[in-house]
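I opened this entry to record what I looked up in the structure. My notes follow the order in which I made the queries.

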Amino acid sequence: MPASPDDVIIAQSGYTHPGFAERYERYRPQPPVALVALLTQYAGVARPRLVVDLGSGTGLSTFLWTEHAETVVGVEPNPTMRQVAEERLGARGLASVHFLDAYAQDTGLPAGTADIVTCSQAFHWMEPERTLAEVARLLRPGGVFAAY
């Protein structure tokens with residue numbers, strides 16, 4: 001079966017090379033905690049029921065929400081990056097965090113359920129029109145999307 005255009009992008013990114021995910025995890029900057037207060041304020045919630053993090057990589061931007069949301073879903077199509085995220089998750093034992101093997105433009109998550117959808121340093125890898133349509137589908141009325 002031929003590779004999809006999305007799979008080709010992942011292969012060309014270099015993110016699947018041996019050791020890349022571990023270096024990414026070690027050296028990539030953490031998102032600022034102030035982002036949580038800002039986005040929850042914009043969404044009009046003290047504690048989001050669902051935060052969806054698109055292009056979650058090794059989980060750096062996903063784990064930011066563990067103490068601040070009921071459920072957090074990291075969406076990551078790259079198995080190498082997702083494996084590091086899942087290993088971190090296993091070490092922490094967090095039942096409220098899940099990682100999904102999917103592309104940002106087709107998450108398969110239920111419509112209208114996310115209070116907040118984020119995309120940290122990954123939107124440039126995504127197909128913008130289809131991804132933004134998926135974000136709009138995921139968000140509940142008054143929900144917030146932040147690409148940073």
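I began with the pairing of β4 and β5 in this predicted model: the two strands run parallel and share five bridges. Within that pairing, I found Leu-139 of β5 as the bridge partner of Ala-114. I then traced the connection: the chain leaves β4, passes through helix α6 (residues 128-138) and enters β5, a β-α-β crossover that is right-handed.

I next looked up β1 (residues 50-54), which pairs with β4 in the parallel sense over four bridges. Here I noted Val-51 opposite Ile-116 of β4.

I checked the burial of β4 itself. Six of its six residues are buried, so the strand is largely enclosed by the rest of the structure. For one position I went further: Thr-118 lies in β4 and has 0% relative accessibility, which counts as buried. Leaving aside residues up to four places away in sequence, I listed its contacts as Leu-39, Val-52, Asp-53, Leu-54, Trp-65, Phe-145, Ala-146 and Tyr-148.

I turned then to helix α3 (residues 34-43), where the buried residues are Leu-35, Val-36, Leu-39, Thr-40 and Ala-43. Viewed down the axis of α3, they fall within an arc of 120 degrees and therefore line one face of the helix. I recalled that an α-helix has 3.6 residues a turn, so residues three or four places apart point the same way. The buried residues of α3 pack against β4 (114-119) and β5 (139-147). On the face turned away from them I recorded the exposed residues Ala-34, Gln-41 and Tyr-42.

Lastly, I noted that Gly-44, just after α3, adopts a positive phi of about 75 degrees.

Key: Residues are numbered from 1 along each chain as its sequence is written. This is a predicted model: local features need pLDDT of at least 70, side-chain atom pairs count only at pLDDT 80 or more; totals for chains, interfaces and linings use all residues. Side-chain values use heavy atoms; hydrogens and water are left out. Buried means under 20% relative accessible area, exposed over 50%, partly exposed in between (1.4 Å probe, protein chains only). The arc is that of the directions from the helix axis to the C-beta atoms. Contact means heavy atoms within 4.5 Å. Two strands pair if DSSP finds at least two bridges between them. A crossover is right-handed if, with the strands pointing away from the viewer, the path from the first strand over the helix to the second runs clockwise.
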